[in-house]
Amino acid sequence: MTTHILVADDEPLIRQLLVDILKEHGYEVLTAYDGDHLVRTAQEHVPDLILVDVMMPGVDGYEAIRQLRNDTRTSHVPMLILTARATPTDVVSGFESGADDYITKPFNTPELLARIKGHLRRAAQVPVRSPLTGLPGNVLITEEVKYRLRREEPFAFLYTDLDNFKSFNDTYGPARGDRVIRLLAEVMVDVVRQYGTGEDFMGHIGGDDFAILTTPDAVDVLCTNLIDMFDQRVRGLYDPDDLKRGYLQGVDRQGIPRRFPIISLSIGVVTSENRASTNYEEISRVAADMKTYAKQQPGSSYAVDIRTAHPEAVPDDRRGKRLPTVLLISSDSGLVSMLRGLLEEQGYRVLEAPGILAAHALLAHTSDTSVIVADARLGDSLWELAAVLQANSPVVQLIVLSTRAEDRETSLLHGAHGYVQQPFHAQDFLDAIARTLQPGED
């Protein structure tokens, strides 16, 4: 695996020299020209190690390190100060800010490389735990899943996520947002201690995402009690007026004003009973699909994957017949992944487009699309597509998905053949697809 090092220095010549040295020794290198740029880059592309010059314009190296140490995404990363200032006061300031080591300029290249290797080696040996919750992080979660796969014993993977957390964080600030995340970790520990198997594993994937590994027979009791206990305790983190009202007023990711309900819990579950999975990537993907499905339900809920890893044989009366093709148009990858899973289980062929332009390109090169399922958040471009379909492809059926009831009338006015409001049950969505195909199905 390639090791990524982030170099922050406001002097272009020093920055380039470090890049050349590190690349020559097999490292991938990111660069930043000041402290603010360093913080943003490290948060967006978390490196394996950071080299920081102290004297930079704006946010200096000391403050940048303090900010990164207080961020759960970057707090574990080794950070080495690189500077010409080497007085005892400077050294103390460096370590107090959270630096792991101190290297003076002009630096000795073999010594610099040796220190980098040493810190990378120690970072790899230390079990990676979340500094916010103390639970094992993603690396240890992955290793635990691999261990259980090797044992070939039945297990279940619970992928837990918070609903409406962003609006809570935006309203009350990140400090109280961290209290919600710690609360969920505490609830998990309490529930697993009371109702678990004794060999359950809990981990903090990152942000508001958590994982539990247990046995398939413990899924219902763990999920039910997780939801009940969390729903009770989280109310204590709201201001009384907001709690009495039952929602927070905010703006969603599309900039639309919305009322956000009390934070709830969505849990996606995949078990080895139905899927003979061989890798963590597939397990986490299926669990994420089920979590997305759970999020479609109001309030806290959990969804267990009951699909098999191998599709059932095609019935005799369908052999040789072309399966209906459904085109999904949405930039919401989680929603698309969940819908794809539902449709493919029913035997549909599924195409995907993140936006209208990509959809036009697909339609130009495919003549067998039977149904288009489009996200209402596409806006006016969706209604333009609806007009094009009416004029040029009237046999293609259009179904609109939306979280807003008022979009139903707009959809029908623009010629949509169906409308499904989120959150929805899987069967309601599949029934809508089936209804649109009945008139023209082969």
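This passage walks through a predicted model, starting with its helices and moving on to a sheet, two cores and a few single residues.

Helix 1 makes an easy starting point. At 1.5 Å a residue, its 13 residues (12-24) should span 18 Å, and the end C-alpha atoms are indeed 18 Å apart, so the expected and modelled lengths agree. Tucked away from the surface in this helix are Ile14, Arg15, Leu18, Val19, Ile21 and Leu22, which are its buried residues. The spacing of such residues makes sense with a bit of background. An α-helix has 3.6 residues a turn, so residues three or four places apart point the same way. After helix 1 comes Gly26, with a positive phi near 90°.

Helix 2 covers residues 35-44, and its buried residues are Gly35, His37, Leu38, Val39, Thr41 and Ala42. What do these buried residues pack against? Their partners are strand 1 (4-8), strand 2 (28-32), strand 3 (49-53) and helix 3 (61-69). At the start of helix 2, Asp34 puts a side-chain oxygen within 3.2 Å of the backbone nitrogen of Asp36. His37 deserves a look of its own. With a relative accessible area of 17%, His37 counts as buried, because the cut-off for that label is under 20%. The His37 side chain reaches the backbone nitrogen of Tyr33 at 3.2 Å. Leaving out residues up to four places away in sequence, His37 touches Thr31 and Ala32.

Next comes an open sheet. Its five strands are arranged in the order 7-8-6-11-12, and the pairing is mixed. Strand 7 (201-206) and strand 12 (301-304) sit at the edges, each pairing on one side only. On average, neighbouring strands here are turned by 20° against each other, ignoring direction. As for what mixed pairing involves, strands of a sheet pair through backbone hydrogen bonds, either parallel or antiparallel. Strands 7 and 8 run antiparallel and are joined by five bridges. Gly206, for instance, stands opposite Asp209 in strand 8. Lying across strand 6, strand 8, strand 11 and strand 12 is helix 9, which runs at about 170° to strand 11.

Some of these elements turn up again in the largest nonpolar core. This core has 37 residues, and the ones that touch the most other members are Leu158, Phe230 and Ile263. At least two core residues come from each of strand 6, helix 7, helix 8 (174-195), strand 8 (209-214), helix 9 (219-234) and strand 11 (264-271). Which element gives the largest share of this core? Helix 8 does, with nine residues. Phe230 has contacts with Leu162, Val180, Leu183, Leu184, Val187, Ile263, Ser264 and Leu265, once its neighbours within four places in sequence are set aside. There is also a second, separate core of 26 residues, with Ala294, Ala303, Tyr348 and Leu437 among its members.

A couple of loops hold backbone details that are easy to miss. The peptide bond from Lys105 to Pro106 is cis, with omega near -5°. Pro106 is located in the loop that links strand 5 (101-104) to helix 5 (109-125). Another loop, between strand 6 (156-163) and helix 7 (165-172), holds Asn164. Asn164 is not a glycine, yet its phi is positive, near 65°. The relative accessible area of Asn164 is 22%, which means that it counts as partly exposed.

Two more residues round things off. Asp375 belongs to strand 15 (residues 369-375). Is Asp375 buried or exposed? Its relative accessible area is 4%, so Asp375 is buried. Its side chain makes a polar contact of 3.0 Å with the side chain of Ser330. Not counting residues up to four places away in sequence, Asp375 touches Ile329, Ser330, Asp332, Leu335, Leu382 and Leu401.

His425 sits in the loop between strand 17 (418-421) and helix 16 (426-437). At 46% relative accessibility, His425 is partly exposed, because only values over 50% are labelled exposed. Between His425 and Gln297 there are 7.3 Å from C-alpha to C-alpha, although the two are 128 residues apart in sequence. Beyond its neighbours within four places in sequence, His425 is in contact with Tyr293 and Gln297.

Key:
Residues are numbered from 1 along each chain as its sequence is written. This is a predicted model: local features need pLDDT of at least 70, side-chain atom pairs count only at pLDDT 80 or more; totals for chains, interfaces and linings use all residues. Side-chain values use heavy atoms; hydrogens and water are left out. Helices (H or I, at least four residues) and strands (E, at least two) are DSSP runs, numbered from the N terminus. The expected span of a helix is 1.5 Å times one less than its number of residues. Buried means under 20% relative accessible area, exposed over 50%, partly exposed in between (1.4 Å probe, protein chains only). Contact means heavy atoms within 4.5 Å. A polar contact is a pair of N or O atoms within 3.5 Å; within protein, one must be able to donate a hydrogen and the other to accept it, and residues adjacent in sequence count only if both atoms are side-chain atoms. A nonpolar core is a set of buried Ala, Val, Leu, Ile, Met, Phe, Trp, Tyr and Cys residues joined through side-chain atoms within 4.5 Å. Two strands pair if DSSP finds at least two bridges between them. Axes are lines fitted to C-alpha atoms, for helices over the stretch in contact, and angles run from 0 to 180 degrees between N-to-C directions.
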